[in-house]
Amino acid sequence: MVFQLYADPITVNCHKVLAALKHIGADYKMIYVDYLAQQQKLPGYLRINPNGTIPAAVHNDLIITESNAIMQYAADISGDKGAEVYPKDLRQRALINSWLFWEAFGWFRSNYVYLVENVMKPLRAQPPDEAALADEQPRWLALANVLNSQLGKTKYMIGDTVTIADFAVMAPMHMHTLQKLPLDGLPHLKRWIADMDRVPAWRSTSAFS
């Protein structure tokens with residue numbers, strides 16, 4: 001059975017998975033689930049993913065409902081090309097996995113505040129909550145400085161080539177200009193964002209390119 005991905009490229013977590021699949025040349029079929037129309041909450045989709053979130057992947061009798069796990073699995077079944085973005089070496093995997101957890105449990109949430117306040121609310125003709133942005137900024141800067149320090153040592157997240165860690169960490173900033181992220185004073189992070197924006201798989205799977 002072909003690898004099926006239920007997704008909408010407009011979302012953070014779908015964009016990262018689509019970029020990873022494109023980068024490794026995976027054979028997959030995307031089934032569009034309209035996020036803004038809340039199709040991920042419909043009964044038919046909830047039978048696939050009871051969490052009511054996207055993306056979700058189906059491969060044979062396996063269902064995966066977490067974006068980072070989808071990238072890991074897709075890389076593992078994609079041979080040498082998959083191993084380029086998710087190496088078999090356990091040390092490299094540990095480094096990548098650490099950044100995947102870091103993104104999921106802190107970085108995503110912090111960037112999401114900027115996405116909601118500076119992107120989603122204006123689309124609905126609502127003003128951003130400046131107090132919420134001011135409250136989040138110290139947390140965001142603390143995390144961003146961790147990234148900036150790492151990217152002062154390596155071109156990409158763990159070395160000289162793109163891995164799924166890069167797609168994961170970049171995804172919450174996928175609308176960084178519109179999000180109005182406070183990037184001043186973070187030169188290594190800004191350089192990496194520019195590099196990632198030039199990665200063909202990242203650029204071509206963006207809903208906003």
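A residue counts as buried when its relative accessible area is under 20%, as exposed when it is over 50%, and as partly exposed in between. Keep that handy for the exercises below, which use a predicted model.

**Exercise 1. Decide whether A19 is buried or exposed, and find what surrounds it.**

Step 1: Locate the residue. A19 sits in helix α1.

Step 2: Apply the cut-off. The relative accessible area of A19 is 0%, so A19 is buried.

Step 3: List its partners. Beyond neighbours within four places in sequence, A19 touches F167, A201, W202 and T205.

Step 4: Look back along the chain. P9 is ten residues away from A19, and their C-alpha atoms are 9.5 Å apart.

**Exercise 2. Work out how helix α1 is oriented relative to helix α3, and which residues meet there.**

Step 1: Find the two helices. Helix α1 covers residues 12–24 and helix α3 covers residues 67–76.

Step 2: Read the geometry. Their axes are 9 Å apart, with a packing angle of about 10°.

Step 3: Compare with the cut-off. Angles under 35 degrees count as roughly parallel, so α1 is roughly parallel to α3.

Step 4: Name the residues. From α1 come N13, K16, V17, A20, L21 and I24, and they meet S67, N68, I70, M71, A74 and A75 of α3.

Step 5: Sort them by class. This contact of α1 with α3 has eight nonpolar residues, three polar ones and one charged one.

**Exercise 3. Do the same for helices α3 and α5: which way do they run relative to each other?**

Step 1: Read the geometry. The axes of α3 and α5 come within 10 Å and cross at roughly 155°.

Step 2: Compare with the cut-off. Angles over 145 degrees count as roughly antiparallel, and therefore α3 and α5 are roughly antiparallel to each other.

Step 3: Name the residues. N68, M71, Q72 and D76 of α3 meet R93, N97, L100, E103 and A104 of α5.

Step 4: Sort them by class. The contact of α3 with α5 contains three nonpolar, three polar and three charged residues.

**Exercise 4. Two residues have a polar side-chain atom beside a backbone atom. Describe the surroundings of E117 and T154.**

Step 1: Start with E117. This residue lies in helix α5, which spans residues 90–123, and it is buried because its relative accessibility is 7%.

Step 2: Find the polar pair of E117. A polar atom of its side chain is 2.6 Å from the backbone nitrogen of D129. D129 is also one of the contacts of E117 outside four places in sequence, along with P122, P128, A132 and L133.

Step 3: Move to T154. T154 is in the loop between α6 (130–151) and α7 (164–170), and its relative accessibility of 16% makes it buried.

Step 4: Find the polar pair of T154. A polar atom of its side chain lies 2.5 Å from the backbone oxygen of Y156. Leaving aside neighbours within four places in sequence, T154 is in contact with G159 and R191.

**Exercise 5. Look for special backbone geometry in the loops: which bond is cis, and what are the phi values of Q38 and N60?**

Step 1: Check the peptide bonds. I54 and P55 are joined by a cis peptide bond, with omega about 10°. P55 is in the loop between α2 (43–46) and β3 (56–59).

Step 2: Check phi. Q38 is not a glycine, yet its phi is positive, about 65°. N60, also a residue other than glycine, has a positive phi near 55°.

Step 3: Place them. Q38 is in the loop between β2 (28–32) and α2, while N60 is in the loop between β3 and β4 (62–64).

Step 4: Judge exposure. Q38, at 37% relative accessible area, is partly exposed, and N60, at 43%, is partly exposed.

Terms used:
Residues numbered from 1 in each chain as written. Predicted model: local features only at pLDDT ≥ 70, side-chain atom pairs only at ≥ 80, totals over all residues. Heavy atoms only, no water. Helix = DSSP H or I, 4+ residues; strand = E, 2+ residues; numbered from the N terminus. Buried < 20%, exposed > 50% of the residue type's maximum accessible area, 1.4 Å probe, protein only. Polar contact = N/O pair within 3.5 Å; in protein donor to acceptor, adjacent residues only side chain to side chain. Contact = heavy atoms within 4.5 Å. Axes fitted to C-alpha atoms, helices over the stretch in contact; angles between N-to-C directions. Parallel < 35°, antiparallel > 145°, perpendicular 65-115°, else oblique. Nonpolar A, V, L, I, M, F, W, Y, C, P; charged D, E, K, R; others polar.
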